[in-house]
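Me: I would like to learn how to read a few features of a model like this one. Can we start with a helix, then go on to a contact between chains and to whole chains?

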Amino acid sequence: MVDFLNPADWVFVWLQTALFVLLAPLFSGWIKWLKCLLQNRRPPSLLQPYRDLLRLVRKDVLLADNASVLFRGAPYIICGCTVLAASVVPLLILHQPISAMADVIVLVGLFALARFFLALAGMDVGTAFGGMGSSREMTVSALAEPAMLMVVFTLSMVASSTNLSTLVEHGLQQQSVLRPSILFALIALIMVAIAENARIPVDNPATHLELTMIHEAMILEYSGRHLAMMELASQLKLTTYAVLIIDLFFPWGIAQSASAAGLGVAAVAIAVKLSLLGLLLALGETAVAKMRLFKVPTFLAMSFALAMIGMLSFVILESSK
Amino acid sequence: MSALFWTLLTPLAGGLLLALIPGTRLAARLNILISLAGFLFSIWLANAVLRQGALDNQYFYIDAFNVYLVALTNLVSFTTSVFSRTYMLHEFEIGRVSERQMRLYHASFQAFMFTMLLALTTNNLGVLWVALEGATLATVLLVSLYRTPASVEAAWKYFILCGVGIAQALFGTVLIYLAAAKVVDGPDQALLWSSLIRHATELEPTVMGIAFVFLLVGYGTKIGLVPLHNWLPDAHSEGPTPMSAVLSGLLLNVALYAVIRVKVLVDGALAGGGEHAPHLAGYLMMSFGLLSFIVAGLFLHRQRDIKRLFSYSSIEHMGLMTFAFGLGGPLATFGALLHMTVHSLTKSAIFITVGQASQLSGTQSIDHIRGVIQTQPAVGWGLLIGTLAIAGFPPFGVFTSEFLLLSATMQSLPWLTIPLLVGLGIAFAGLFRHLHPMVFGNRPEGLMPIKATVWPVVLHLALVLWLGLSIPDFLAHWFDQATILISGSGLL
Amino acid sequence: MSGFLDTYSHLTLTEQAILTLAAMVLVSSFALLAQSRVVATIRLFALQGFLLVVVTALVALDTREYHLFYSAGLTLLLKVWFVPWLLTRQARRLGILRDLDSLLRPGVVLIAAGALVIFCYSVALPIQRFAESITRDAIAISLAVVLLSMLMLITRRKAITQVVGFMSMENGLFFGAVTATQGMPMVVELGVAFDVLIAAVVFGVFFFHIRDSIESLDVDMLNQLTEVDE
């Protein structure tokens, strides 16, 4: 096992987290780039998200008169929670010192904490849009969270653990196994990820159309570095979910120890897999139209049902003898 | 063997023939002829089986138990077809059914007979299921024959409820197959009742127990056991009356027959399995039977439709038989077999007179049928005597069989005689509070006697009376053989 | 850490595929339960039939019980082609193909469905211990498909969707026969298929009777016969 006090190991944790944070704008830029190509538009540079963030950081923060401490503090909390969540998910190496706390339920909890503050911040200034966004966000997440936990339970039943590294390792050991439970959990997790990251068909990240916004409505009042942090947090969340899906279902290539060759393979593998996933997402978002808000509960109920069937089929079909 | 062939072929070919023949009157006569031929063939078959012993091959299995049901089925089918001729021609003349519907009616009548006979004679539990489902399919369009909203509703209920119920029975059959595949050699043998009974003690008790629950629920729906009985009063009251007579008198018997066949297997399997209740099947049947008996008796009191009234009476008697077969032992089994016979004969006779009485009064509503005995004495007396017989008055056969059942209960579970007696009392009161005004009440003005064939009723009631006074020797032996087959030991 | 590798991963790929398809049959049952559009319901039913055909063919390959190919072919013909075709045709002629038959309380139904599956599992558990086939775990699934179809029959109000539920129940039974015992004797399977065929035709005729008598296919309006006094 890992030595918790070995500083060299902690360096890896820091490096990996930093890489994660740096990678996040690139990933969302990649998706935007692909979508533009698919929709016959001229794509912006891949580095455009970095430039946007820099520009925002340079700008002054404009606060509403009645903004409270909560409003100012929320970006730091949200961004912090998301970075912490990202640090827990193995990007290149398994079994780091932080994997002792790398529990899937912790991950869900961190995201929930961030969301809680996001919703509070949305309501803080008292604009109509902020409140509407918060209420919608909480509706969606109240439905998405049970589905997410159901997925987690299914996976942890398969691997008999809720530890992320253990889960990934279990996935690595039986590569050619066709499990109904895993299959349904994957579909359900993808659906949850779409809803949680405010992507099409649940929400449209590129719109500011009043009646349909969810996520964007909450951060309308932010500006300057606050907005930059909010943007970074949502990019990071998307990337974290993507890496989580890759880790749990397609873990091949991830390094099990810190050797140079292993790390190289892992880096190439994760880059390829992330770009493929981004391509799939872009394709999906181009092909599918945004659904009406009233349909979102049905969408999430479907993902919950799938996750539940996944768990049931594990119990019924896979666990006996 | 050739007797069996002809017994089965007659209704099958007859059904096809009647589907092709356009003339309504001709078809009605042919229907009688075909049924008569079937009856004669079944007598031949019964004679052959009683002489040469059980017939057992890959496809059919006939012993004393089912051959007597085959004969009974054919007898009732014959007399009902006689009644059906005058009844249906009357319906045709007053324009309730068209010529096409008459053709459908006659073809379905014979097809229904065929499915019941197939269910009774087959050796294969899977085919038994297929035949019972086929019986539903053959009758469902008959229930909706009049095309009124109520009759369509009744047919839909009948179709869906019986279909759902019987699906459970197929699951039970799959489970039996599962249990049998291990002990019986060759998958083709694994559903044959004759080979299953040879290996009954080796069958896995747990699986057989679960299978029996599914089979009882499935076939129990067809028997009309409470709480699965919902379709039965509707289907009986909305279809043409000859159909009600054969449904009540015959189909319920066939479904009960299926349950008993399976019960014998399950009893064999459970007898050796230590941890399992050896009488699981019996207890289940007893509780379902007793519940149906009491509940149906109570429902008798609130009926407004004369055919619904007697269909609840059928549920009540089927409950009693299920109870008796569940109780087991030679006395109860003998009584239940006798009860099956007398109930079939009496109930079909009653439905025949009920059909005539409602044609006479132009309604099925109990409140509007009045003074039948004045309008047409033959029908009124038939209804009165039939009801007396079914209520268990001495000296009719129903009294004898109920007496046997009560004695058997007294022997093994004395406390249960109390609910049985109470139930009989309730049912008796329920029937007679409605019957009295219908038979004796003030006759409405302007009712004319109708053309009615009386002798089938007379024949049935005479037979029931005869069975009540003395059971003929050959019949007693016959019942006794069947009792040995079901309960293991005979009475005589 | 080979402790992770349970017996499931020792199954051959065909067997894993069979079990995965079994789970997909269960999903199709859930989907049938939740689907509200008539035409989509019929299509889903055809899809379920197709899944059954694939499962049957795979079981036939896996166990070398080649007579199962006949069953698969029969199912393909009857449940994937004929019954959906007939239902679609009748629905189009009745003008209800695009109608909705939505659930009243989808949440409650979903929970009830989940509870039913667990119930089926507990019923099938003692049976599974005695089954020898590799697909014995699917017995619970087949029972679940039967009971979910019953739930569908209870929750639906249109005659045509009820018929789909009825037929889907038959699918569950067929699935049970295939997975538990590698099919039934041929004579029984033919008989059952014949019954399904007749039932489909009778149902097809029946839609018109219902419409002619109550001018709707909403079976909720069939409510004249009851024991409750008005």
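Me: What should the 19 residues of helix α8 of chain B span?

Reply: This is a predicted model. The general idea is to set the rise per residue against the distance between the helix ends. At 1.5 Å a residue, α8(B), residues 205–223, should span 27 Å, because the rule multiplies the rise by one less than the number of residues. The end C-alpha atoms of α8(B) are 25 Å apart, which agrees with that expectation.

Me: Is α8(B) mostly covered or mostly open?

Reply: Burial is read by counting neighbours around each residue. In α8(B), 17 of the 19 residues are buried, so the helix is mostly covered.

Me: What follows α8(B)?

Reply: G224(B) comes after the helix, and its phi is positive, near 90°.

Me: How many residues does each of chains B and C bring to their contact?

Reply: For size, there is a common convention: an interface is often described by the accessible area lost when the parts come together. Here the reading is by residues: chain C brings 39 and chain B brings 38. On the side of chain C that touches chain B, the elements giving two or more residues are α4 (106–128), α5 (138–155), α6 (159–181) and α7 (186–214) of chain C. The largest contribution to that side is from α7(C), with 14 residues.

Me: How many residues of each class are on the side of chain C that touches chain B?

Reply: That side has 28 nonpolar residues, 7 polar ones and 4 charged ones.

Me: Turning to a whole chain, how many helices and strands does chain C have?

Reply: Chain C has 7 helices and 0 strands, and its pattern along the sequence is α-α-α-α-α-α-α. To judge compactness, compare the radius of gyration with the globule rule. For the 230 residues of chain C the rule gives 17 Å, and the radius of gyration is 19 Å, close enough that the chain is as compact as a globular protein of that length. Its C-alpha trace spans about 65 × 35 × 30 Å along the principal axes, and 51% of its residues are buried.

Me: What does the radius of gyration of chain A come to, and what would a compact globule have?

Reply: Chain A, with 321 residues, has 20 Å, which agrees with the value near 20 Å for a compact globule. Its secondary structure consists of 11 helices and 0 strands. The C-alpha atoms of chain A fill a box of roughly 60 × 45 × 40 Å along the principal axes, and buried residues make up 48% of the chain.

Me: How do contacts in chain A divide by sequence separation, and which share joins residues at least 24 apart?

Reply: Among contacts in chain A between residues at least 6 apart in sequence, 80% join residues at least 24 apart. For chain C, the corresponding share is 74%.

Definitions and conventions:
Residues are numbered from 1 along each chain as its sequence is written. Chains are lettered from A and ligands numbered from 1 in the order in which they are written. This is a predicted model: local features need pLDDT of at least 70, side-chain atom pairs count only at pLDDT 80 or more; totals for chains, interfaces and linings use all residues. Helices (H or I, at least four residues) and strands (E, at least two) are DSSP runs, numbered from the N terminus. A residue is buried if 20 or more other C-beta atoms lie within 10 Å of its own, exposed if 12 or fewer, and partly exposed in between; C-beta atoms are placed from the backbone. Two residues are in contact if their C-beta atoms, placed from the backbone, lie within 7 Å. Ala, Val, Leu, Ile, Met, Phe, Trp, Tyr, Cys and Pro count as nonpolar, Asp, Glu, Lys and Arg as charged, and the others, Gly among them, as polar. The radius of gyration is taken over C-alpha atoms; the globule rule is 2.2 Å times the number of residues to the power 0.38.
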